[in-house]
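Work through the exercises below with the structure open beside you. Each task is followed by its solution.

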Amino acid sequence: MRARVLTGTLVALLIVPLLASAASAQNALVVSIWGGNWKDTVEKVVAKPFTAKTGIPVEFEVGGTIDRLAKARVAKGSPLVDLNFTTTHVARLYISDGLYEKLDMAKIPNSKEIAREAFRSEYHLGSWAYVYTVVYRPDLVKEEIAKWADLWNPALKGKIAMPDFDPSHIITIAALMEGGNEVNWQKGEGKLKQLKSSIAAFYSTDAQSQDLMKTGQAPVQVMLSVNAYHLQEQGIRVKVVQPRDYPGIVGIDTMAVMAGTKKADAALQFINLALSKEIQSELVKALRAGPVNTGASVPQSLAGQPGIFVTPAQWKERGYIMNDEVRAKNLPAWREWFTANIVKK
Amino acid sequence: MKFLLTPAVVVLAVFAAALGALFRWSLLEFIPGSLRPGGLTLANFRSVLAPQYLDTVWETVLLSAATTLLTLVLSYPVAYALARTPSRRARSALLVLTLAPFFTGAIVRTYAWVLVLGNAVVTWPLPMLFTERGVLVGLVHFSMPSMILVLAAALSHIDPAYERAAASLGARPARVFWRVTLPLSMPGIVSGGLIVFAWTLSAFATPELLGGGKVKMIANVVKDLGLDSFNWPGAAAFAMVALALTLALLAGLGRLTAGRAA
């Protein structure tokens with residue numbers, strides 16, 4: 001008898017949490033996002049207040065940009081996630097494949113408070129912003145770097161690193177320097193070739209970029225401002241340059257509702273909350289990224305820093321925003337040219 | 001044994017289906033800025049046969065050959081010691097040292113090499129990190145445990161009586177090695193060589209981390225095309241070309257060494 005009671009209790013102990021977790025998964029809003037600090041921050045700053053307010057639990061599906069895109073494509077029509085975070089130009093790929101649902105702006109009243117630049121399309125809205133700019137370690141680099149053109153200083157030979165997975169930032173800067181832009185980027189080809197001998201390494205992930213900076217193997221980098229602030233928090237003395245000649249290249253991460261989701265209303269509520277002044281103010285503090293809600297408050301230490309735009313004028317003057325569609329379409333050609341002419345020996 | 005036939009066919013069918021899907025993607029048109037591929041085309045194959053991609057294939061083959069040779073040369077003495085050391089303790093210690101890298105994981109080991117090759121621990125006379133030399137060091141270190149085990153197994157099957165007979169007939173130790181031990185260990189050399197060569201051809205993590213984006217092998221370029229350029233048809237085409245080349249190379253090497261390994 002005692003054995004039966006024990007067995008029954010054990011089975012109940014095993015099955016009840018499983019059933020509870022299955023029920024929770026059915027009710028939960030599933031959010032797809034990058035892992036690490038991104039997921040932790042959104043969970044803490046947005047998901048918890050969202051659950052407290054609506055009673056809807058939030059679960060996360062984490063992964064790299066392209067892994068998540070591939071999964072979404074496979075699950076087209078009956079998505080495994082309800083809401084997606086990704087970069088604005090990759091969002092264009094989701095849109096091109098019909099993976100996003102058109103946003104019902106009436107259900108996102110806070111969208112009226114966001115910067116014009118964060119309104120990316122009727123399918124996706126910006127959640128925060130940052131810039132790719134020049135970041136360096138003054139303890140290892142004696143020359144002062146104050147503008148993009150300083151990267152071409154021969155004294156920096158063998159000290160620079162930049163991303164090879166997406167060379168669009170440096171390609172656009174080189175084009176801007178030669179009177180072009182991301183559309184007629186070929187104008188900057190010659191300028192960029194002059195930079196080749198200065199490049200110590202190319203990085204494929206944010207983690208690699210930070211390692212190269214920490215170890216001093218590449219003390220000058222074209223780097224994400226968010227990562228630079230993260231290094232500063234870790235005690236690595238890096239200087240984030242507000243370039244005097246051309247602006248930093250703006251990156252905007254965006255939110256969208258997956259087409260075919262049964263929880264579109266909950267997803268819209270989540271987006272609306274994430275765009276509110278209060279949550280945006282918290283996101284700025286936690287991510288050290290720029291808010292998209294122009295009414296959000298920014299800590300004194302971050303105000304005016306690269307990638308932190310608080311006024312329409314700052315959005316316009318201190319950041320260069322590439323055309324998403326042009327970027328999505330040109331990226332393969334840029335990568336091919338960059339690999340053949342800059343990466344290859 | 002007939003009951004094993006069905007699961008074997010199922011497993012092979014899954015592999016064949018995956019390969020078939022890859023081949024199908026390689027024939028679809030890539031449309032920049034879109035995830036939807038276009039119609040059937042051979043353009044992807046024409047694109048990946050461009051010089052920059054063929055250079056990558058050539059560099060991969062060279063690096064793989066260099067890795068195989070260097071791994072063989074460095075592993076042989078260790079394998080010999082492992083097979084012939086009379087002391088059980090010494091053999092156990094050698095075995096633990098040989099197997100230890102297996103337990104640390106490829107990424108951890110490679111990150112350790114980033115520090116070692118990057119002048120943080122040792123000051124190198126020549127740049128090592130983000131060069132072919134550095135990648136070669138990482139690949140050899142990664143391959144050595146397997147090569148040592150394969151060689152040690154082959155060496156332990158050689159009857160020491162052959163070597164003693166040669167020595168008793170007046171052959172010096174070096175001659176005994178060249179004329180007796182080395183030829184008799186050829187099956188191990190061929191097997192170990194083929195294993196190391198084959199997996200180095202598909203190496204990814206080591207060149208990715210130690211190459212600093214400057215040294216790219218086939219797998220890195222497939223990843224670049226597929227995951228960074230969103231060019232899945234191009235990535236599939238390059239993977240198919242690389243697979244065909246790898247199979248051809250291995251078949252050629254297998255035929256070349258068939259007589260020696262027998």
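## Exercise 1: The contact between the chains

Task. Count the residues that chain A and chain B each bring to their contact. Then find which element of chain A gives the most to its side.

Solution.
- Chain A enters the contact with 27 residues, and chain B with 20 residues. The model is a predicted one.
- Next, look for elements of chain A with at least two residues on the side that touches chain B. These are helix H3 (65-74), helix H4 (88-96), strand S6 (199-203) and helix H12 (324-343).
- H12(A) gives the most, with 10 residues.
- Now sort the side of chain A that touches chain B by class. It holds 13 nonpolar, 5 polar and 9 charged residues.

## Exercise 2: Dimensions of chain A

Task. Why does the radius of gyration of chain A agree with that of a compact globule?

Solution.
- A compact globule of 345 residues would have a radius of gyration near 20 Å; chain A has 22 Å, so the two agree.
- Along the principal axes, the C-alpha atoms of chain A fill a box of roughly 85 × 50 × 40 Å.
- Of the 345 residues in chain A, 46% are buried.
- Take the contacts in chain A between residues at least 6 apart in sequence. Of these, 71% join residues at least 24 apart.
- The secondary structure of chain A amounts to 12 helices and 10 strands.

## Exercise 3: Two domains

Task. Give the domain bounds of chain A. Then describe the contact between domain 1 and domain 2 of chain A.

Solution.
- The domain assignment puts 2-129 + 251-312 of chain A in domain 1 and 130-250 + 322-343 in domain 2.
- Their C-alpha centres lie 29 Å apart.
- Domain 1 and domain 2 of chain A contribute 15 residues and 15 residues to the contact.
- On the domain 1 side, H4 and strand S9 (248-257) of chain A each supply at least two residues.
- H4(A) has the largest share of that side, 4 residues.
- By class, the domain 1 side has 6 nonpolar, 6 polar and 3 charged residues.

## Exercise 4: Strand S4 and its partners

Task. Is strand S4 (residues 124-136) of chain A enclosed or open? Which strand does S4(A) join through 8 bridges?

Solution.
- Check burial. In S4(A), 13 of the 13 residues are buried, so the strand is largely enclosed by the rest of the structure.
- S9(A) runs antiparallel to S4(A), and 8 bridges join them. Here A:Trp128 stands opposite A:Asp253 of S9(A).
- Strand S7 (residues 220-224) of chain A also pairs with S4(A) in the antiparallel sense, over 5 bridges. A:Thr133 has A:Met223 of S7(A) as its bridge partner.
- Strand S8 (residues 239-240) of chain A runs antiparallel to S4(A), with 2 bridges. In this pair, A:Tyr136 is bridged to A:Lys239 of S8(A).

## Exercise 5: The largest nonpolar core

Task. Which residues have the most contacts inside the largest nonpolar core? Where does this core lie relative to the domains of chain A?

Solution.
- The largest nonpolar core has 155 residues, and A:Ala161 and B:Phe238 have the most contacts inside it.
- Helix H6 (residues 132-156) of chain B gives the most to this core, 13 residues.
- Domain 1 and domain 2 of chain A both give residues to this core, so the core lies between them.
- Finish with A:Ala161. Beyond its neighbours within four places in sequence, its contacts include A:Ile199, A:Phe202, A:Tyr203 and A:Leu212.

Methods. Residues numbered from 1 in each chain as written. Chains lettered and ligands numbered in written order. Predicted model: local features only at pLDDT ≥ 70, side-chain atom pairs only at ≥ 80, totals over all residues. Core = buried A, V, L, I, M, F, W, Y, C linked by C-beta atoms within 7 Å. Buried ≥ 20, exposed ≤ 12 C-beta atoms within 10 Å, placed from the backbone. Domains from an automatic or database assignment. Contact = placed C-beta atoms within 7 Å. Rg over C-alpha atoms; globule rule 2.2 N^0.38 Å. Nonpolar A, V, L, I, M, F, W, Y, C, P; charged D, E, K, R; others polar. Pairing = 2+ DSSP bridges.
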